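Dear colleague,

I am passing on the structure we spoke about, which you will find just below. After it I have set out, as carefully as I can, what was found.

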There are 2 protein chains.
Amino acid sequence: MDHGGGRAGAGTIGSAGSLGLRVGQAVFSSASLLFMSVGVEFFSYTAFCFLVTIMGLVIPWSCTLAMIDVYSIFMGCPLRVPGVMFIVVVGDCVLSLVSFAAACSSAAVIDLLLQFHGSHCSPRFCGRYQLSAMMAFLSWFLMAVSALFNFWFLASR
Amino acid sequence: MDHGGGRAGAGTIGSAGSLGLRVGQAVFSSASLLFMSVGVEFFSYTAFCFLVTIMGLVIPWSCTLAMIDVYSIFMGCPLRVPGVMFIVVVGDCVLSLVSFAAACSSAAVIDLLLQFHGSHCSPRFCGRYQLSAMMAFLSWFLMAVSALFNFWFLASR
């Protein structure tokens, strides 16, 4: 099997596809963090605090890996050491799992707030909560795609 | 590579490990369904309805695959056709994802109920909701383990 080398895997670390995925993750998680935390009192709900914490973890992780991708693309030598790949896969899996959990929890809490607290949840606030949860779902999706590509590459070596 | 044949993979379909995982999934998801639906008015919360629906899908899936495992063990010929494995992996992934989403949503809603509705959520009801969410998490974990084993086997062929 001639993986690696000349033909880069579609979304494995060190390829342009991976860079795109990482940039998307960073953008969506930043948007989620901003929609949730700027001008909205998010800290009275556990699920929203969890979402903010997790998005604060996803942003540095994605930015670091985006920088590694840029470096690999410019130097022309993708960093495909199995040990590093393994750490990346484990980190991606864990972060995508917790960001999915945070997005689901926030969505469920928003639904409950809309259902029972029509007066407590003004359209302006609830609309921003919903946007934030949607961005978190998009960020989770891109992170899961990255994790799958890297895992497939690692498993098929 | 000599996968399959004599040495069965630890948790891939048709092995004793897989049978154990499937039985665990069926038991935990049945427990979650019963704790949530018997004698508790779950239908006023969207997240709890979602949990009940998903657990109602997980039970027949796990039971069917447990029967296939029993058949394979008794006949001594594990069913490791790539097409069938692919369907099993996709089904496991989708079901584990939605059962995780249901468990997270229920946990977030229970947390909010305990925080703001101390009077609406009697200890008897909320304790059962919590037990149900815990069982759903256990069922998700076992299903994710099954999915990982089968995916690894499929990817390393």
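To begin with a single residue: does Thr12(A) count as buried or exposed? Thr12(A) counts as buried, because its relative accessibility is 3%, and the cut-off for that term is under 20%. Please bear in mind throughout that this is a predicted model. Thr12(A) is found in the segment before H1 of chain A, and, once residues up to four places away in sequence are set aside, it touches Ser18(A), Arg80(A), Phe149(A), Asn150(A) and Phe153(A). One of these partners, Asn150(A), stands 138 residues away along the chain, yet the C-alpha atoms of Thr12(A) and Asn150(A) are separated by 5.0 Å.

The chain as a whole

Chain A contains 4 helices and 0 strands, so that reading along the sequence gives the pattern α-α-α-α. The C-alpha trace of chain A spans about 60 × 25 × 20 Å along its principal axes. Of the 157 residues in chain A, 48% are buried, while the area that the chain exposes comes to about 7400 Å², with carbon and sulfur atoms supplying 75% of it. When contacts in chain A between residues at least 6 apart in sequence are considered, 84% of them join residues at least 24 apart. As for charge, chain A carries 6 positive and 5 negative side chains, and the centres of these two sets lie 6 Å apart.

The nonpolar cores

The largest nonpolar core holds 52 residues, and the members that touch the most others are Phe48(A), Tyr129(A), Phe48(B) and Tyr129(B). At least two residues of this core come from each of helices H1 (16-37), H2 (46-75), H3 (82-116) and H4 (123-155) of chain A, and likewise from each of helices H2 (46-75), H3 (82-116) and H4 (123-155) of chain B. There is also a second, separate core of 16 residues, which includes Ile13(A), Leu65(A), Met85(A) and Ile13(B).

Three further residues

Ser44(A) lies in the loop between H1 and H2 of chain A, and it counts as partly exposed because its relative accessibility is 29%. Leaving aside neighbours within four places in sequence, Ser44(A) is in contact with Gln115(B) and Phe116(B). Ser44(A) and Met67(A) are 23 residues apart along the chain, and their C-alpha atoms are separated by 35 Å.

Phe74(A), which is found in helix H2 of chain A, counts as exposed because its relative accessibility is 71%. From C-alpha to C-alpha, Phe74(A) and Leu138(A) are 28 Å apart in space, with their positions 64 residues apart in sequence given as the distance along the chain.

Val94(A) has its place in helix H3 of chain A, and with a relative accessible area of 47% it is partly exposed. The C-alpha atoms of Val94(A) and Gly56(A), which are 38 residues apart along the chain, are separated by 14 Å.

What the record adds

An unreviewed UniProt entry lists residues 42-63 and 135-155 of chain A under "transmembrane region". In the model, residues 135-155 of chain A are 100% helix and 0% strand, and the end C-alpha atoms of that span lie 30 Å apart.

With kind regards

Key: Residues numbered from 1 in each chain as written. Chains lettered and ligands numbered in written order. Predicted model: local features only at pLDDT ≥ 70, side-chain atom pairs only at ≥ 80, totals over all residues. Heavy atoms only, no water. Buried < 20%, exposed > 50% of the residue type's maximum accessible area, 1.4 Å probe, protein only. Contact = heavy atoms within 4.5 Å. Areas by Shrake-Rupley, 256 points an atom, 1.4 Å probe, with all protein chains shown as cover. Lys, Arg positive; Asp, Glu negative; His and termini not counted. Charge placed at Lys NZ, Arg CZ, Asp CG, Glu CD. Core = buried A, V, L, I, M, F, W, Y, C linked by side-chain atoms within 4.5 Å. UniProt positions renumbered as here; feature names shortened; annotations may be inferred.
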